[in-house]
Amino acid sequence: EIIRNAQQYISTHVREKLSVPLVAKTVDVSPSYLTALFHKNLQISPGEYIRRIKLQESKQMIRENNLNFTQIAEALQYSTVHHFSRQFKDKFGITPTEYAKSVR
C-alpha cells in the first residue's frame, strides 16, 4: 500500500522536484523505511525508481517532439542538460539525440 501510494505520487509529480524525503513524507513514513520497503519489494532504491520514471517520461517528451533537450531537462528538474543526457545514456545505452533520431 505504501509503495503503491509512493509510486502513484512519483508518477503524478514526475515533472516536479522529487526527493526520497519528500516522497516519504507524502506517504507518511520515514525516508529510511521507504528505502527499506522499496528494496524489499522492488529491489531498487526510491531514488533509482524516481530516476527511472523521469527517464521514461523524457522518452515520451522526446517522442512528442515539442521541446528541445534543455527544455526537457528543465521540465523534469534536472540540474543541467548534461546531467540529464548522461543519465539517459547510462539507462538506455544511447544519447537523447540518438533516441530522438530513432523515433522520428
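Tutor: Let's start with what counts as a pocket: on a 1 Å grid over the protein atoms alone, a pocket is an open set of points where a 1.4 Å probe fits, with protein on both sides within 12 Å along at least five of seven lines. Its volume is the space filled by probe spheres set on the points, which are joined across faces, edges and corners. By that reckoning, the largest pocket here holds about 230 Å³.

Student: Before we go on, what kind of model is this?

Tutor: A predicted one: local features need pLDDT of at least 70 and side-chain atom pairs pLDDT 80 or more, while totals for chains, interfaces and linings use all residues. Residues are numbered from 1 along each chain as its sequence is written, and side-chain values use heavy atoms, with hydrogens and water left out.

Student: Which residues lie nearest the centre of the largest pocket?

Tutor: Leu 18, Ile 50, Arg 51, Lys 54 and Tyr 78, out of 15 lining residues. A residue is part of the lining if it has an atom within 4 Å of a point. Two elements give two or more residues each, α4 (46-64) and α6 (81-92), and α4 gives the most, with four.

Student: What makes those stretches helices?

Tutor: Helices are DSSP runs of H or I with at least four residues, strands are E runs of at least two, and numbering goes from the N terminus. The protein chain has seven helices and zero strands, so the pattern along the sequence is plain α-α-α-α-α-α-α.

Student: How do the lining residues divide into nonpolar, polar and charged?

Tutor: Five are nonpolar, six polar and four charged. Nonpolar takes in Ala, Val, Leu, Ile, Met, Phe, Trp, Tyr, Cys and Pro; charged is Asp, Glu, Lys and Arg; the others, Gly among them, are polar. Tyr is on the nonpolar list, so Tyr 78 goes there, while Arg 51 and Lys 54 go with the charged ones.

Student: Why does Ala 73 count as buried?

Tutor: Buried means under 20% relative accessible area, exposed means over 50%, and partly exposed is in between (1.4 Å probe, protein chains only). Ala 73 has 1% relative accessibility, so it counts as buried. This residue is found in helix α5 (residues 69-75). Leaving aside neighbours within four places in sequence, Ala 73 is in contact (heavy atoms within 4.5 Å) with Tyr 78, Thr 80, Val 81 and Phe 84.

Student: And what makes Ser 58 count as buried?

Tutor: Its relative accessibility is 0%, so Ser 58 is buried too. Ser 58 is found in helix α4 and touches Ile 72, Leu 76, Phe 84 and Phe 88, not counting residues up to four places away. For the whole protein chain, buried residues make up 35% of the 104 residues.

Student: How do you know that the buried residues of α7 line one face?

Tutor: In α7 (residues 96-103), the buried ones are Pro 96, Tyr 99 and Ala 100. Seen down the axis, they fall within an arc of 100 degrees, so they line one face of the helix. The arc is taken from the directions from the helix axis to the C-beta atoms. The face turned away carries the exposed Lys 101 and Ser 102, and the cover over the buried residues includes α4, α5 and α6.

Student: What puts the buried residues of α1 on the same side?

Tutor: The buried residues of α1 (residues 2-12) are Ile 3, Ala 6, Tyr 9 and Ile 10. They cover an arc of only 125 degrees around the axis, which puts them on the same side of α1. These residues pack against α2 (20-26), α3 and α4, while Arg 4, Gln 8 and Thr 12 are exposed on the face turned away.

Student: Why is Gln 43 called exposed?

Tutor: At 58% relative accessible area, Gln 43 is over the 50% line, so exposed is the word. This residue lies in the loop between α3 (31-42) and α4, and has a positive phi of about 60 degrees although it is not a glycine. Most residues other than glycine have a negative phi.

Student: What about Asn 65, exposed or partly exposed?

Tutor: Partly exposed, because 44% relative accessibility sits between the two cut-offs. Asn 65 is in the loop between α4 and α5, and its phi is also positive, near 60 degrees.
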